[in-house]
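Thanks for making the time this morning. I would like to walk you through one model, going from the nucleic acid to the protein interfaces, so please have the structure open in front of you.

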2 protein chains.
Amino acid sequence: MEDLRKIPLLSELSEDQLKKVLSIATLKKYPKGKVIFTPSQKGEFFFILKKGKVKVFKTAKGKEQILKVFSKPAIFGEAASFTGSYFPAWAESLEESEVLVIPRKEFLNLLREDPEIGMKLLAVMAQRLMHLTGVIENLSLKDALSKVSSYILTLYGEMGEEITFRTNIAAMELGLTKETVSRMLSKLKEMGIIEKNRNSIKIKDLKALKELSI
Amino acid sequence: MEDLRKIPLLSELSEDQLKKVLSIATLKKYPKGKVIFTPSQKGEFFFILKKGKVKVFKTAKGKEQILKVFSKPAIFGEAASFTGSYFPAWAESLEESEVLVIPRKEFLNLLREDPEIGMKLLAVMAQRLMHLTGVIENLSLKDALSKVSSYILTLYGEMGEEITFRTNIAAMELGLTKETVSRMLSKLKEMGIIEKNRNSIKIKDLKALKELSI
DNA sequence: CGCATAGTTGAGCTATTTCAACATCAGTGG
DNA sequence: CCACTGATGTTGAAATAGCTCAACTATGCG
């Protein structure tokens, strides 16, 4: 429950309000690879990721483009559950996950009761917008090496730290194939910019990486 | 002034409120090709397009990707002026335009005074999110012919209608070159799906076009 | 232990870009 | 009113980034 306090939208709630939310919410457990919502569903529910990892993505013609991966406690599906329209994307668990599901009606009640929550939601949506413009910039304006470089930087915590890196997830986020991502990683390694193990990388030359990520 | 009422955010305002907004706002005129804001500016102002046409876009490495073109009265730059952070993109007039500029402070006051306006803004942001997910879908999952086909459909009003079509704008919205867009148009013409003049097209086979746009 | 999943590497392919040359049009100034 | 100029669009040929396909390796999970 304390994890949930870290979510901007919920941090604002009083103890009582949060309890109320939790009493309304249903806890759902999704094993790895389960669909949480699809574009053919209307936003009748609002989702809070409590534990696990979820990808939100578009698909067409057998291809898939990730919009965002949630791996920390966060809300998702908020736009559609606000408007009540169809979800603009798919959501699927990437690992075993726990999700709190709140009916749209209750979600709207919360908003109505406390305008401060509406403001928080605005802030979240503004963040989402910025994130998506970043995705678009990546997709449209950068070449493969820049994409991978900037992607690594988004994962980067502190110098010398081991960064878990999933090639195929990266590929789906960046609009590349896993082969291309793999090749770019090899290239970065050759250039002495990163070190590479099977599931993780380590940044050796942050400055050069930043340079490439533009 | 009545045009402004058509903008969702403002339609909600009382006569007095709207007058107040207009008294706060500064009317700015931009000739064609003028920059309205850039990513190096913080969202100190909120913009209302009154007349004209404005493109909001990202650029890098001499390339340019349009996020959205506004051609009817609308608000823009709302996310950054809500959070006060840097604009995530550029805005530039595509033709001579009139823009109402409102200081962030006053904009936030409006939100504070009337929660209903906050709700409207949420709706607008939700729309923007859906739009951007659509842009991403286009960029990442579709080939050139599909992109152009679906783009034409977004412009489409009623059957047999002449549709103004600007090849280079289309290209910048679709993440293609003008040459490719031109070639795709020729292809669609060859296929008997559209008719084509210099600055406009006409849909001859809507069903086929929809088929291609997937 | 075995099998499905994830990653690597090479080779050839192809959609789109790039470059170049040309055509057309709209607006401007004489 | 016409000539000039810059912007916009068209078409062809060549270049290329990234994809597809294929074969192989490593891994981790049941």
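Let me begin at DNA strand C, where a polar side-chain atom of B:Arg183 lies 2.9 Å from a base oxygen of the strand. A second base contact comes from B:Glu179, which has a polar side-chain atom 3.3 Å from a base nitrogen of DNA strand C. The backbone of the DNA is also reached, since a phosphate oxygen of DNA strand C is 2.9 Å from a polar backbone atom of A:Thr167. The elements that give two or more residues to this surface are α8 (167–174) and α9 (178–190) of chain A, together with α9 (178–190) of chain B; helices here are DSSP runs of H or I with at least four residues, strands are runs of E with at least two, and both are numbered from the N terminus.

Before going further, a word on how to read all this: the model is predicted, with local features needing pLDDT of at least 70 and side-chain atom pairs counting only at pLDDT 80 or more, while totals for chains, interfaces and linings use all residues. Residues are numbered from 1 along each chain as its sequence is written, chains are lettered from A and ligands numbered from 1 in the order in which they are written, and side-chain values use heavy atoms, with hydrogens and water left out.

Staying with the DNA, there are 18 residues around strand C, and those that come nearest are A:Ser182, A:Lys196, B:Ala144, B:Thr180 and B:Arg198, where near means a heavy atom within 4 Å. Of the atoms of DNA strand C that come within 4 Å of the protein, sugar and phosphate account for 65%. The largest share of the surface, 4 residues, comes from α9(A), and by class the surface has 2 nonpolar, 7 polar and 9 charged residues.

Now to the two protein chains. How many residues does each chain bring to the contact? Chain A gives 39 residues and chain B gives 39 residues, contact being heavy atoms within 4.5 Å. The buried area is about 3,400 Å², with 79% from carbon and sulfur atoms; that is the accessible area, with a 1.4 Å probe, lost when two parts are put together, summed over both. There are 4 salt bridges between the chains, each a side-chain nitrogen of Lys or Arg within 4 Å of a carboxyl oxygen of Asp or Glu. B:Asp143 forms a salt bridge with A:Lys61, their closest N and O atoms being 3.9 Å apart. On the side of chain A that touches chain B, α6(A) gives the most, with 19 residues, and by class that side has 22 nonpolar, 10 polar and 7 charged residues.

Lastly, within chain A, the assignment, which is automatic or from a database, gives domain 1 (2–127) and domain 2 (141–212). Their C-alpha centres lie 29 Å apart, and the contact takes 6 residues from domain 1 and 5 residues from domain 2. Together the two domains of chain A bury about 460 Å², 62% of it on carbon and sulfur atoms. A:Glu64, A:Gln65 and A:Ile66 supply 67% of the area that domain 1 buries against domain 2, more than any other three residues. Between these domains of chain A the count is 0 salt bridges.

Key
Nonpolar A, V, L, I, M, F, W, Y, C, P; charged D, E, K, R; others polar. Polar contact = N/O pair within 3.5 Å; in protein donor to acceptor, adjacent residues only side chain to side chain.
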